[in-house]
Every structure is written in C-alpha cells, then in structure tokens.
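Here are my notes on the model you sent over. They run from the whole chain down to one residue, one helix and one pocket.

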Amino acid sequence: MDMKDDILEVLVSTDEIQKRTAELGQQIGHDYQGRNPLMICILRGAVVFLSDLMRAVPIHVTVDFMGISSYGGTNMDSTGVIKITRDVDTNVAHRDVIIVEDIVDTGLTMRALVDLLNTRAPRSVEICTLLSKPQRRKVDVEIKYCGFEVPNKFVIGYGLDYDENYRNLPFVGVLKPEVYEKRKEEKG
Ligand code: PRP
C-alpha cells in the first residue's frame with residue numbers, strides 16, 4: 001500500500017515548500033553575510049527541511065545536530081521540560097546560531113531550547129522553522145524565519161511523523177481519521 005493513500009489533505013505541496021525554502025535560504029544569506037552562522041538542526045523532524053534549506057543558503061554555514069526529548073510529554077504534546085539526548089559538538093560561544101526546526105507548536109520546546117542555548121554565550125540565536133501553529137501557542141517565541149503557518153491539525157510529512165511513519169512524504173499533509181483508528185486497534 002502506498003503512503004499517499006493515507007492522506008486526507010495536502011496542506012503544503014512540494015512545490016510550495018521548494019519555493020519558500022529558496023526564499024528563506026536567500027534571506028538567511030543576506031542577513032548573515034560574512035558571519036558564518038551555525039545551523040542547529042533539531043532531530044529528527046527537521047532533518048528533511050535542513051537538507052533542503054542549507055543548499056538554498058548561498059553563504060558559508062556550519063551545520064550541527066541536537067536531539068531533544070520532552071519530559072513526560074505524549075506523542076501529541078510537549079511539556080517545556082527538555083532533555084538533551086544528543087548535544088552539538090560545536091562550541092556555541094560567540095556564534096550566530098540558527099535553530100532549524102520542523103514545527104513550533106505550543107512553543108514550549110523552543111522556549112526551553114533558546115533559554116538553554118543562551119546560557120552558552122552565543123552571539124545571537126534565531127529560529128528558522130518550516131511550520132508554525134500559532135493557534136496552539138502557550139508561550140511566546142520570536143520566529144525570525146517561518147516557512148508556513150498551519151491550522152491546528154495534526155500534520156505529517158516532510159520530516160514530521162505519526163508514530164515514526166510518514167517522515168519521508170515529500171509534502172506536508174493531514175492523515176485520514178481511519179489511519180489513527182487502525183493504528184489504535186493494532187496497538188490494542
Ligand atoms: C516536535 C517538533 C518540536 C516540538 C514542538 O518534535 O520537532 O521539537 O515537537 O512542539 P512544542 O512547540 O509544542 O514544544 P517531536 O517531539 O515530535 O520529535 P521529532 O522531531 O523527533 O519527531
């Protein structure tokens with residue numbers, strides 16, 4: 001069975017993502033001219049976005065990865081108390097950091113991450129996220145680079161998962177309700 005059969009609706013198409021990513025890359029290139037920013041990709045969802053975004057940035061950048069899990073969170077919700085499961089190897093001090101995320105939802109993860117990185121004396125910290133769900137926000141986060149604002153729906157694809165599946169879809173979409181029902185039945 002094809003993954004695409006599980007899709008109810010495409011929210012952001014491959015073409016739209018490609019076009020917006022190219023714009024963001026140009027903007028970052030312009031804003032960070034001569035500064036060699038450090039792009040920190042948050043595993044795992046942001047990997048797909050990072051790989052396209054970094055190739056759209058026309059200046060020198062350094063790339064590193066960070067793994068974060070949310071303490072006591074569920075599949076659907078984070079808590080704002082984060083645990084670093086993989087830290088960057090790069091020294092953040094005096095660097096212009098750009099956090100690359102797939103989605104800012106409640107904002108709790110991003111708030112905690114920005115606070116943590118700021119304890120390491122970076123020169124600056126900005127956020128670049130593919131998606132943002134403003135309706136779900138619980139804390140304010142200033143997003144300098146945002147791909148798309150999406151409605152309060154559970155979105156998958158282009159890095160975002162449901163139960164670790166669908167990350168490899170080349171667009172962002174919403175699943176048919178029966179997919180969740182089927183998965184619940186399978187898990188008992
Ligand atoms: C997602 C996303 C953010 C966080 C956003 O990660 O990548 O890190 O949730 O939620 P918040 O704004 O409500 O805090 P997830 O835990 O799904 O991990 P993944 O990227 O490995 O799929």
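What percentage of the 188 residues in the chain do buried residues make up?

1. **Burial.** The figure is 45% of the 188 residues. Keep in mind that this is a predicted model.

2. **Overall size.** The radius of gyration is 17 Å. A compact globule of 188 residues would have one near 16 Å, so the chain agrees with that expectation. Along the principal axes, the C-alpha atoms fill a box of roughly 50 × 35 × 30 Å.

3. **Surface.** The accessible surface of the chain is about 9700 Å². Carbon and sulfur atoms contribute 49% of that surface.

4. **Secondary structure.** The chain holds four helices and nine strands. Their order along the sequence is β-α-β-α-β-β-β-α-β-β-β-β-α.

5. **Contacts across the sequence.** Take the contacts in the chain with a separation of 6 or more. Of these, 66% join residues 24 or more positions apart.

6. **Glutamate 101.** Is this residue buried or exposed? Its relative accessibility is 8%, and the cut-off for buried is under 20%, so glutamate 101 counts as buried. The residue sits in strand 5, which spans residues 96-104.

7. **Neighbours of glutamate 101.** Leaving out residues up to four places away in sequence, glutamate 101 touches Ile42, Ala46, Phe49, Met110, Cys128, Thr129 and Leu130. Isoleucine 40 is worth checking too. It is 61 residues from glutamate 101 in sequence, yet the C-alpha to C-alpha distance is 8.6 Å.

8. **Helix 3.** This helix covers residues 108-118. Which of its residues are buried? They are Leu108, Met110, Ala112, Leu113, Val114 and Leu117. Met110 also appears among the residues that glutamate 101 touches.

9. **Cover over helix 3.** Several strands help to cover the buried residues of helix 3. They include strand 2 (38-43), strand 3 (62-70) and strand 4 (82-86). Strand 5 and strand 6 (124-132) are also part of the cover. Strand 5 is the one that carries glutamate 101.

10. **Second largest pocket.** Its volume is about 220 Å³. The lining draws on Met1, Asp5 and Asp6, then Asn165 and Tyr166. Lys176, Glu178, Val179, Lys182, Arg183 and Glu186 also line this pocket.

11. **Character of that lining.** How many residues of each class line the second largest pocket? Seven are charged, three are nonpolar and one is polar.

Definitions and conventions
Residues numbered from 1 in each chain as written. Predicted model: local features only at pLDDT ≥ 70, side-chain atom pairs only at ≥ 80, totals over all residues. Heavy atoms only, no water. 1 Å grid on protein atoms, 1.4 Å probe; cavity = no way out; pocket = protein on both sides within 12 Å on 5 of 7 lines; lining within 4 Å. Points joined across faces, edges and corners; volume = space filled by probe spheres on them. Nonpolar A, V, L, I, M, F, W, Y, C, P; charged D, E, K, R; others polar. Helix = DSSP H or I, 4+ residues; strand = E, 2+ residues; numbered from the N terminus. Rg over C-alpha atoms; globule rule 2.2 N^0.38 Å. Buried < 20%, exposed > 50% of the residue type's maximum accessible area, 1.4 Å probe, protein only. Contact = heavy atoms within 4.5 Å. Areas by Shrake-Rupley, 256 points an atom, 1.4 Å probe, with all protein chains shown as cover.
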